[in-house]
Structures are given as structure tokens and as C-alpha cells.
Amino acid sequence: MDRPHITIFDTTLRDGEQSPGCSMNVQEKLRLAQQLDRLGVDAIEAGFPIASDGDFEAVQRIAASVRRPIIAGLARACTGDVDRAWQALQGAARPRIHVFLATSDIHLKYKLRITREQCLEQAREAVRHAKSLCTKSGCGDVEFSPEDATRTDVPFLCQVVEAVITAGATTVNIPDTVGYSMPEEYGQLIRILREKVAGIERVTISTHCHNDLGLAVANSLAGVQEGARQVECTINGIGERAGNASLEEIVMAMRVRPDRYAYETTIASEQLYPSSQVLAEITRVPVQPNKAITGRNAFAHEAGIHQDGMLKNPLTYEIMSPQSVGVPDSRLVLGKHSGRHALALRCEQLGHQFERRELDEVYRKFVVLADRIKKVQDSHLLELIQDVVSGSASNSNAATSQTKKFPPAAATLPFPRALPAVVGVNTGVNPGVNPGVNPNDAHAAHILGSAGQAQVSIAFADRHGEQEDYLWGV
Ligand SMILES: [Zn+2]
């Protein structure tokens, strides 16, 4: 493959966590970091170590246990912050210190109360200090972000970027901190930096776009087209105010349209939906139903003409298969005949990986429940998993508590954030984008969705139903 590689820098745990209602404790951050590792991100910004002891500990624990991706810690451009970030990253296999300093006149004048000259000097010094710390350990990985770059005087921005490259930065990130930029404008800024800044070819240029005007993904892609090779983004697009560029949208735009965006990422796209689910579950912030890629309606078809097209050939209305992004196959109905294998698979799709013993426990409770309510929906399963994970349900009263807790499958879902029976189309081919679908495929699903509760009636499942489930349970 000679397509340029795009580094996916996930900042769900740092910028994302700053969004209202999305704070996470250390244990939750660790769990999400492990899921991000499975997803295949290149870098995880694990926190802002000087911000709190909790953030420090989270960065430290993630650094110690998540070994493949780069682990970044954020620091303002001052010695205390940089030292603290470096301290938190001590155990990391691949540490990165991420230093930031605002460069726009409005930030310099009202927030920092420093001159451009002071700003330049402070940026240079902080990067030099970060570099001296991490060079000793052999990594030398320092990222610098001129905060509010898109509202910074361009010649001054070029000056700052040049200074930090000379001081040892290896990645230069260009944040559209306030979500103000337009795609062409953002792309042009990246182009100017590449043209004017001496030494820019030695560093990775990165995008970091906010979504205040709904343009975060478009701006990031425009930056990539002009030579940026790292994208900072978050799961479900969470982040300050209107959020960050959504990781799943960036990745799938490149995967679905390689004719326009001929770039590679190392993301395992079938982990996108599980990652979205883990985040929603941890933060208890539901995904907006029409959210691209991971929203519950992203693959639902309601209009009659659409359903008709889908039955004849899913490519009429689907540009990617649900399976390619890890949306569970609705043909696999979980019922009392389902075995451990099918159950384990669905748990994984919902973002839960279990050891054998834990799975046995989930399975025991599942069988009791399935006996009672026939079809076990994802929402039921999530509640049951919660019980096992928290150990809150004792064996003796599990059945009774489940009776109260779980209504029959057709009733209103108790878990507003969880998917109802997930709509999807089994194309009979391997998960992938634009699969070569046989229009006469007997597996084609007949989908009757509605905003609240999708109903799925599937010709194939009707015929094979329980037998097929049983086969999965060997
Ligand atoms: Zn941000």
C-alpha cells in the first residue's frame, strides 16, 4: 500500500472528557483506553496531568497498561506542567508530551496578557524543556499546539511554528479551537504553513477541529488534503462545546471514498460501534439517533421506496454495510437456544470482553432471562452485564430482580441509550465497504424502522430462526 498513512490521535479522554457530563473516573478511563487500543488508534491523549490528581493517575495507569499506541499527556507551556506530564508518562512504552500555548492576539491580550514576543519565547522554552526531558529516555516525541491557530495572524503563526520545530517539536498541531474556520480556509492555512515554514517537512502536521459550525470533520479532511498527516478526533465527536471531529466519520470517509481521500488508517472499523457503545455506557450520554456511523438510525430505513430498494440491493441506499462498522447483525436473535459463542459475540459488539468465568456468569443469568422473555434485546443484555460487572445482583435473588427489571422484548426499552433490535442487512459477504452484493440474496432483510423502535422482519431469520441460533451456540 503506498497510500499515505494518517495518524489517528484520539483525544476522547482529554478534550472529550471536557464536555459537560462526560467526566470519567480512572477505572472508566482505563476501560475506554483499552477499547481504543482494540480500535487501533495510533495515539491516545490520556489526560492533562496537572489538572487534577485523578487525571494524573489516569495517565499513569493508562501509560502502564496500554502499550501499543503512543500515550500523550497535555501540558501548558510552562515548566511545572511539562514536568508533571512527563512524570505521569514515566511508565509509557511510547510517551508523548503535548505542549500548548495560545497564539491569537485575542488570547494573548485578554487571557494570557503577554506580547507576541513573550509568546514566542515561552513556546520555544517549553518545547525545549519537554524535549530535554524525553530525549533522555530516547523517545523525543513532543507535540506543540498553537491554541486558537485559526484566528492567529498567519505570519506570526508561521514564526511560532518555525520556532517550536527548531526547539525540537516533532508534531505541530493546528487547532481550530473555536470551530470558526471553513474547510477551504483551513486547508489553505495548512498549505501556507507547508510553503512558508522552514523545517516543516521534518514534522507531522496535525489537525484539531471543533464542531461549532458543524464543520469539524470537513475541516480535518481539508487539512489532510493539504498535507496534514495526523487527525485529532474523538469517539462520537464528543468534546468542548459542540465537540471535536468525530473519529468514526473521519475514518469511514476515507474508507468509503478512497477515490477522494486516498489515505490509510490502522483503525479496525468493525470496532467503531463497540467503541461508541463503551463511551455512551460509561458517560451515560446517549448517541444522537441520527449520528453518522454510530447512531441507532444510521442504518435504519423507513420510507417504503427505500425499503423496496434495500430488498432488491442494499447498495441502493447503503454506502457501507452495518457490519463494516461493527453494528450487530440483527439476524442473530438472542434467545434461550443461543449458546455462549453467540452471547460472547454480542457482548463484544456492545464493547464488553469477558474472561471465561465472567462469561459463564453472564450466560447463566442470560439463560434464566431468555427463558422468561424469549428475545433478549441489547438493552436487556447491557443491564444484565452491568449486574455481573458490578456484582450487584446476588445469585439468590437474580431471577426475581430480573423479572421486575426486564419487560418482555416488545415493551418500551428500559435503557434509553441502548439500541433497540439493531437494524441491519446481512449481505452474505464479509464485512466491508461496498460489498459486492447479490441483488437476489435471500438474506436481504426487510426493515421496517421507526425512530423509537426499529422493527425488523427478516425472511431468512423467519425460516431458520432458532436452528441458526443454536448452531452459533456450539
Ligand atoms: Zn480542543
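# Exercises on burial, helices and contacts

E201 is exposed because its relative accessible area is 64%; here exposed means over 50%, buried under 20%, and partly exposed in between, with a 1.4 Å probe and protein chains only. The model is a predicted one, in which local features need pLDDT of at least 70 and side-chain atom pairs count only at pLDDT 80 or more, while totals for chains, interfaces and linings use all residues. Residues are numbered from 1 along each chain as its sequence is written, and side-chain values use heavy atoms, with hydrogens and water left out.

## Exercise 1. The whole chain

Task: State how many helices and strands the protein chain has, and what share of its residues is buried.

Solution. Step 1: take helices (H or I, at least four residues) and strands (E, at least two) as DSSP runs, numbered from the N terminus. The protein chain then has 16 helices and ten strands. Step 2: of its 474 residues, 55% are buried. Step 3: turn to the surface, using accessible areas from the Shrake-Rupley method with a 1.4 Å probe, where for residues only the protein chains shown count as cover. About 20,200 Å² of the protein chain is exposed, and 50% of this comes from carbon and sulfur atoms. Step 4: look at contacts, meaning heavy atoms within 4.5 Å. Among contacts in the protein chain with a separation of 6 or more, 74% join residues 24 or more positions apart.

## Exercise 2. The length of α14

Task: Work out what span helix α14 should have, and compare it with the distance between its end C-alpha atoms.

Solution. Step 1: the expected span of a helix is 1.5 Å times one less than its number of residues. Step 2: α14 covers residues 378–390, which is 13 residues, so it should span 18 Å. Step 3: its end C-alpha atoms are 18 Å apart, which agrees. Step 4: consider cover. Ten of the 13 residues of α14 are buried, including H380, L384 and V388. Step 5: just after α14, G391 has a positive phi of about 65 degrees.

## Exercise 3. Two helix pairs

Task: Decide whether α12 and α13 are roughly parallel or roughly perpendicular, then find how α2 and α3 are oriented to each other.

Solution. Step 1: axes are lines fitted to C-alpha atoms, for helices over the stretch in contact, and angles run from 0 to 180 degrees between N-to-C directions. Angles under 35 degrees count as roughly parallel, over 145 as roughly antiparallel, 65 to 115 as roughly perpendicular and the rest as oblique.

Step 2: α12 (residues 340–349) and α13 (residues 356–373) pack at about 105 degrees, and their axes are 10 Å apart. These two helices are therefore roughly perpendicular to each other. R340, L343, A344 and C347 of α12 make the contact with R356, L359, D360, V362, Y363 and F366 of α13. Sorted by type, these residues are seven nonpolar, no polar and three charged; Ala, Val, Leu, Ile, Met, Phe, Trp, Tyr, Cys and Pro count as nonpolar, Asp, Glu, Lys and Arg as charged, and the others, Gly among them, as polar.

Step 3: α2 (residues 53–65) and α3 (residues 79–88) pack at about 40 degrees, with axes 8 Å apart. α2 and α3 are therefore oblique to each other. From α2, D53, F56, V59, Q60 and A63 meet R84, Q87 and A88 of α3. This contact has four nonpolar, two polar and two charged residues.

## Exercise 4. Positive phi outside glycine

Task: N236 and R284 each have a positive phi; say whether each is buried or exposed.

Solution. Step 1: N236 is not a glycine, yet its phi is about 60 degrees. The loop between β8 (230–233) and α9 (247–256) holds N236. At 14% relative accessibility, N236 is buried. Step 2: R284, also not a glycine, has a phi of about 60 degrees. R284 sits in the loop between α10 (272–283) and α11 (304–312). At 58% relative accessibility, R284 is exposed.

## Exercise 5. Two residues of α8

Task: For N219 and Q225, find which residues they touch beyond four places in sequence.

Solution. Step 1: N219 lies in α8 (residues 216–225) and is buried, because its relative accessibility is 0%. N219 touches D176, S181, M182, P183, Y186 and C209. Step 2: Q225 is also in α8, and its 41% relative accessibility makes it partly exposed. Q225 is in contact with R260, Y261 and Y263.
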